[in-house]
Amino acid sequence: MSDVERSVDGITTGPLILRKPTPADLPVLFALYADPLVWGPDPLSRHHDTGQTTRMIENWRAAWHRDGLGIWTAWRAEPDGDAFVGIGGCFVRYGVAWNLGFRLLPGFWGRGHAQEISAAAITEAHRLRPDLPLTAYVLEGNDRSRRSVERVGLELVWRGPDADNPDASAVRLLHSDRPLSPELVHTLTEH
């Protein structure tokens, strides 16, 4: 990762400005979460009303308070103002592992932004709680996300049914930065 600058508001990684989400981010986050192209591989996570997005922002802000890290909104400095790129970061899942995640607007795919966000999140997660494994969930068939988590050093540790998914054929992949015990895998995949 390039030079990182930390501030009260977030992190600047060079090309990206990573900020804690605020309620003012609702319009851009709803647009991201409602976009069928973004959620093609995982249509169940797509938002259909702003109430879903408002609750998500509240949950993200609670994770920041609880874990000292969470999901950032990602912005790129442009001459006419910061451009919203997407989201990404880490939060502690079920109290046992960091969970890495990211989503970008289609216009920013293929530019290395997922890796930039992931590298910042991994650095911060390891700084805060190096004892916890770093994991990522990917729905099978989402090859773009799978390749992104593999590029940052996570390896496939489990493949199985996507719990609670109404599509009985859906398969979830769990990647990790280290081997996981069967008990830990069960905790992370039973929900």
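Author: Two strands count as paired here when DSSP finds at least two bridges between them. The model we will talk through is a predicted one.

Reader: Happy to start there. In the hairpin of β5 and β6, which residue takes a positive phi?
Author: β5 and β6 run antiparallel and are paired over eight bridges. Their hairpin leaves three residues between the strands. In the loop there sits a residue that is not a glycine and yet has a positive phi of about 55°, and its name is Y94.

Reader: Is Y94 buried, partly exposed or exposed?
Author: Y94 lies in the loop between β5 and β6. Buried would need under 20% relative accessible area and exposed over 50%. Y94 has 38% relative accessibility, and therefore counts as partly exposed.

Reader: Let's move into the strand that follows. How many residues of β6 are buried?
Author: A good way in is to take the two sides of β6 in turn. A97, N99, G101 and R103 point one way and are buried. W98, L100, F102 and L104 point the other way and are buried too. In a regular strand, side chains alternate between the two faces of the sheet. For β6 as a whole, the count of buried residues is eight of eight.

Reader: Which residue is the bridge partner of G89 in β6?
Author: G89 belongs to the pairing of β5 with β6, which is antiparallel. Across from G89, the bridge partner in β6 is G101.

Reader: And on to β7: do β6 and β7 pair in the parallel or antiparallel sense?
Author: Two bridges link β6 with β7, which covers residues 134-139. One of the contacts across this pair joins N99 to its bridge partner T135. The sense of the β6 and β7 pairing is parallel.

Reader: Going back along the chain, how many residues lie between β4 and β5 in their hairpin?
Author: β4, residues 71-76, and β5, residues 83-93, are paired in the antiparallel sense. Six bridges hold that pairing, and T73 stands opposite I87 in β5. The turn includes G81, with a positive phi of about 125°. Between the two strands, the number of residues is six.

Reader: Which residue in β4 is the bridge partner of L18?
Author: β4 also pairs with β3, residues 16-19, in the antiparallel sense over four bridges. β4 is mostly covered, with five of its six residues buried. The residue of β4 that bridges to L18 is A74.

Reader: Now helix α2, please. Is T53 buried or exposed?
Author: T53 sits in helix α2. Setting aside neighbours within four places in sequence, T53 is in contact with L26, L29, F30 and H47. Its relative accessible area is 0%, which is under the 20% cut-off, so T53 is buried.

Reader: What is the relative accessible area of Q52?
Author: Q52 is placed in helix α2, residues 50-67. Beyond residues up to four places away in sequence, Q52 touches R46 and H47. Q52 counts as partly exposed because its relative accessible area is 24%.

Reader: How far apart are the C-alpha atoms of Q52 and G68?
Author: Q52 is a residue of helix α2. G68 is 16 residues from Q52 along the chain. Their C-alpha atoms are separated by 23 Å.

Reader: What about L174: how far apart in space is it from Q115, C-alpha to C-alpha?
Author: L174 is part of strand β9, residues 171-176, and counts as buried because its relative accessibility is 0%. Outside its sequence neighbourhood of four places, L174 touches residues including T135, Y137, W158 and L188. L174 and Q115 are 59 residues apart in sequence, and their distance in space is 18 Å.

Reader: Stepping back to the whole fold, how many helices and how many strands are there in the protein?
Author: From the N terminus on, the elements run β-β-β-α-α-β-β-β-α-β-α-β-β-α. Among contacts with a separation of 6 or more, 58% come from residues 24 or more positions apart. The tally for the protein is five helices and nine strands.

Reader: Last one: what radius of gyration does the protein have?
Author: The C-alpha trace spans about 50 × 35 × 30 Å along its principal axes, and 47% of the 191 residues count as buried. A compact globule with 191 residues would have a radius of gyration near 16 Å. The protein agrees with this, because its own value is 16 Å.

Conventions: Residues numbered from 1 in each chain as written. Predicted model: local features only at pLDDT ≥ 70, side-chain atom pairs only at ≥ 80, totals over all residues. Heavy atoms only, no water. Buried < 20%, exposed > 50% of the residue type's maximum accessible area, 1.4 Å probe, protein only. Rg over C-alpha atoms; globule rule 2.2 N^0.38 Å. Contact = heavy atoms within 4.5 Å.
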